[in-house]
Amino acid sequence: MQGSHYKVLLLCVLMTFITSCSDKNKHVGERVSFWLGQEVTLPENMLCLIKKDTVDIKAFDADYKIVVYIDSLGCTNCKMKLREWTETMNLYNSAPDTDIDLFMIINAKDVPSLQYILRTYDFEYPVLVDTLDSFRKTNGIENDENFRTFLLDNDNKIVAIGSPVWNPNVRDFYKRTILGDSTDAEGDDIIYETPLHFMLGTSHRGQSESREFRIRNNSGDTLHVSGLIPSCECVTAVTDKDSIAPGERVIATVTLTPDSVFGQQRRFVDLFFSEKEKPIRLKLTLLNTNNQNYEN
């Protein structure tokens with residue numbers, strides 16, 4: 001979406017956040033207009049973590065980015081909502097041809113405690129530790145929590161505002177922005193019991209990572225697996241059966257073995273059924289790194 005129609009729709013979504021006095025409501029439109037199109041800067045002095053590993057933020061590249069800022073006030077663990085963010089990102093990462101990254105920026109000084117939280121929740125997305133609170137100062141982040149989560153395009157410009165884990169209307173708005181208005185071409189004939197895209201965190205050359213994709217046949221006809229086409233030689237895949245009767249599931253095990261290229265590796269396998277025109281794309285993403293972790 002572009003232009004005034006986009007701003008009006010986003011304004012309607014954000015108004016669901018604000019239920020207090022009309023004096024606050026009348027300023028929302030001006031604030032939305034101000035932020036949309038602004039470029040967000042990620043200061044280079046922040047430590048970038050994936051669980052216990054330190055990584056290079058420059059290694060990430062996606063069509064969209066969600067940036068979340070969390071200050072040091074109150075319970076950091078409660079504000080992070082890591083489980084909800086993982087579920088939300090699974091929803092957004094279902095697009096076969098669109099990639100999206102999440103960057104959580106936290107104004108914190110206790111790095112070991114933060115790493116413990118990330119490991120406990122098995123959180124595979126990068127967390128930026130901003131000990132100097134540079135992100136807030138550089139970008140003029142507001143005190144209003146409603147204006148501390150941004151959806152950015154590939155040029156780091158804001159295309160949407162608000163937290164999808166705190167408000168379902170914002171979550172759906174982000175989904176429409178990222179995935180467009182298209183719906184699943186397969187309808188209800190196929191049920192995905194697992195995400196179609198797994199984030200694998202960090203890995204190293206030659207260190208294989210595998211995930212199982214579970215797909216149920218919800219149609220009245222038997223489906224036959226006709227092929228598994230990988231994106232490159234780094235990816236292999238097998239299924240536990242060649243046909244799926246109505247009500248049954250097939251398990252596709254996809255394995256990614258990073259090559260010598262460092263940085264973010266997004267790989268996939270297209271699963272074809274004889275009865276379906278379009279394949280189902282099963283994606284794996286990891287960060288291939290040789291960095292040492294932060295802990296001694």
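These legends go with close-up views of one predicted protein model.

In this predicted model, local features need pLDDT of at least 70 and side-chain atom pairs count only at pLDDT 80 or more, while totals for chains, interfaces and linings use all residues. Residues are numbered from 1 along each chain as its sequence is written, and side-chain values use heavy atoms, with hydrogens and water left out.

**View 1. The whole protein holds seven helices and 16 strands.** Helices (H or I, at least four residues) and strands (E, at least two) are DSSP runs, numbered from the N terminus. Of the 296 residues, 48% count as buried. Buried means under 20% relative accessible area, exposed means over 50%, and partly exposed lies in between (1.4 Å probe, protein chains only). The protein exposes about 14,400 Å². Carbon and sulfur atoms supply 47% of that area. Accessible areas come from the Shrake-Rupley method with a 1.4 Å probe; for residues, only the protein chains shown count as cover. Now take contacts between residues at least 6 apart in sequence: 71% of them join residues at least 24 apart. A contact means heavy atoms within 4.5 Å.

**View 2. Five strands make an open sheet.** Their order is S9-S16-S15-S11-S13, and the pairing is mixed. S9 (197–203) and S13 (243–244) stand at the edges. Each has a single partner strand, so one side of each is left without a neighbour in the sheet. Two strands pair if DSSP finds at least two bridges between them. S9 and S16 run parallel, joined by five bridges. Here Phe 198 stands opposite Leu 284 in S16. At the other edge, S11 (residues 223–230) pairs with S13 in the antiparallel sense, over two bridges. Leu 223 stands opposite Ile 244 in S13.

**View 3. Strand S16 is mostly covered.** S16 spans residues 280–288, and eight of its nine residues are buried. S15 (residues 263–273) pairs with S16 in the antiparallel sense over nine bridges. Arg 267 has Leu 284 in S16 as its bridge partner. A hairpin joins S15 to S16 through six residues.

**View 4. Helix H4 has a buried side.** Which residues of H4 are buried? They are Leu 82, Trp 85, Thr 88, Met 89 and Tyr 92. These cover an arc of only 120 degrees around the axis, which puts them on the same side of H4. The arc is that of the directions from the helix axis to the C-beta atoms. An α-helix has 3.6 residues a turn, so residues three or four places apart point the same way. The face of H4 turned away from its buried side carries the exposed residues Arg 83 and Glu 87. The cover over the buried residues of H4 includes S3 (64–70), H3, S4 (100–106), H5 (111–120), S6 (149–152) and H7 (168–179).

**View 5. The buried residues of helix H5 line one face.** In H5, Val 111, Leu 114, Gln 115, Ile 117 and Leu 118 are buried. Seen down the axis, they fall within an arc of 160 degrees, so they line one face of the helix. What covers them includes S1 (47–50), H3, H4, S4 and S5. After H5 comes Asp 122, with a positive phi near 55 degrees.

**View 6. Lys 81 and Asp 133 have positive phi values.** Lys 81 has phi near 50 degrees, although this residue is not a glycine. Lys 81 sits in the loop between H3 (76–80) and H4 (82–92). Is Lys 81 buried or exposed? Lys 81 is buried, at 17% relative accessible area. Asp 133, also not a glycine, has phi of about 55 degrees. Asp 133 lies in the loop between S5 (127–129) and H6 (134–139). Asp 133 is buried, with a relative accessible area of 10%.

**View 7. Asn 156 makes a polar contact with Lys 65.** Asn 156 lies in the loop between S6 and S7 (158–161). The two side chains meet at 3.0 Å. A polar contact is a pair of N or O atoms within 3.5 Å; within protein, one must be able to donate a hydrogen and the other to accept it, and residues adjacent in sequence count only if both atoms are side-chain atoms. Not counting residues up to four places away in sequence, Asn 156 touches Gln 38, Glu 39, Val 40 and Lys 65.

**View 8. Cys 232 and Cys 234 are too far apart for a bond.** A disulfide is a pair of cysteine sulfur atoms within 2.5 Å. The closest cysteine sulfur to that of Cys 232 is in Cys 234, 3.9 Å away. The count of disulfides comes to zero. Cys 232 is partly exposed, at 25% relative accessibility.
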